[in-house]
Amino acid sequence: MVRLMKAEKEHAKCAADLLMKLWPDHTEEEMLECASEYIEGREKAAFLAREEGAFCGICLVSLRHDYVEGTEENPVGYLEGIYVDDAMRGLGVARALLGKAQEWAKEMGCHEFASDCELDNTESLKFHLACGFEEANRIICFVKGIG
């Protein structure tokens with residue numbers, strides 16, 4: 001049976017290991033710093049899924065006070081990242097982690113919850129739509145060196 005919990009300081013290494021799977025282009029040190037930031041932050045939280053003693057999923061959530069596409073209020077609960085091990089996918093673990101994140105956002109005074117995904121991440125798009133998110137906008141971001 002999968003058990004969900006809010007990550008605490010002692011879970012930082014396990015959280016970082018899961019984040020390395022979500023964002024493999026980052027170093028272990030960067031992901032440990034990220035996990036600690038969400039675990040210790042007042043306006044951030046990390047939730048973990050555990051199955052038979054092993055951590056199998058993570059969800060990062062924050063409060064955003066800046067403009068968030070499609071929202072009307074501040075702050076907005078924001079799903080910053082979610083990952084579930086391949087073997088546990090399709091069992092409702094990600095949806096349960098998202099539920100914990102949304103509960104946390106409500107407790108923090110939010111009435112809206114938002115997220116994003118890359119344009120070509122069809123798996124993430126399907127997940128978001130299946131969980132009741134509505135697409136707010138599509139954008140392409142640009143950058144140019146000037147010096």
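A residue is called buried under 20% relative accessible area, exposed over 50% and partly exposed in between (1.4 Å probe, protein chains only). The model is predicted, so that local features need pLDDT of at least 70 and side-chain atom pairs count only at pLDDT 80 or more, whereas totals for chains, interfaces and linings use all residues. Residues are numbered from 1 along each chain as its sequence is written, and side-chain values use heavy atoms, with hydrogens and water left out.

**View 1. Five strands make up an open sheet of mixed pairing.** The strand order is β1-β2-β3-β4-β5, where strands (E, at least two residues) and helices (H or I, at least four) are DSSP runs numbered from the N terminus, and two strands pair if DSSP finds at least two bridges between them. Because β1 (2–6) and β5 stand at the edges with a single partner strand each, one side of each has no neighbour in the sheet.

**View 2. Strand β3 (residues 54–64) is mostly covered, with nine of its 11 residues buried.** Strand β2 (residues 44–51) runs antiparallel to β3 and is joined to it by eight bridges; in this pairing Ala-49 stands opposite Gly-57 of β3. The two strands form a hairpin with two residues between them, and Glu-52, in the turn, has a positive phi of about 50°. Strand β4 (residues 76–84) is likewise antiparallel to β3, again with eight bridges, and here Ile-58 stands opposite Tyr-83 of β4, while Arg-64 stands opposite Val-76 of β4.

**View 3. Arg-64 takes part in a salt bridge with Glu-80 and lies over the face of Tyr-78.** The salt bridge (a side-chain nitrogen of Lys or Arg within 4 Å of a carboxyl oxygen of Asp or Glu) has its closest N and O atoms 2.8 Å apart. The partners belong to distant parts of the chain, Glu-80 to strand β4 and Arg-64 to strand β3, 16 residues apart. Glu-80 is partly exposed at a relative accessible area of 22%, and Arg-64, at 24%, also counts as partly exposed. Arg-64 is placed 3.6 Å from the ring centre of Tyr-78; a charge sits over a ring if NZ of Lys or CZ of Arg is within 6 Å of the ring centre and within 35 degrees of the ring normal. In a further case, the charged end of Lys-44 sits over the ring of Tyr-38, 4.8 Å from its centre.

**View 4. Lys-21 and Asp-85 meet through their side chains in a salt bridge of 3.1 Å, N to O.** This contact links helix α1, which holds Lys-21, to the loop between β4 and α3 (93–107), which holds Asp-85, across 64 residues. Lys-21 is partly exposed, at 46% relative accessible area, whereas Asp-85 is buried, at 15%. Helix α1 (residues 12–22) also contains Ala-16, which is buried with a relative accessible area of 1% and whose C-alpha is 5.6 Å from that of Ala-35, although these two residues are 19 apart in sequence.

**View 5. Arg-89 and Glu-123 form a salt bridge at 3.4 Å, N to O.** Since Arg-89 lies in the loop between β4 and α3 and Glu-123 in helix α4, the pair ties together parts that are 34 residues apart in sequence. Arg-89 is partly exposed, its relative accessible area being 36%. Elsewhere, Lys-13, Asp-17 and Glu-28 are joined into one network by salt bridges that share partners, and the count of salt bridges comes to nine.
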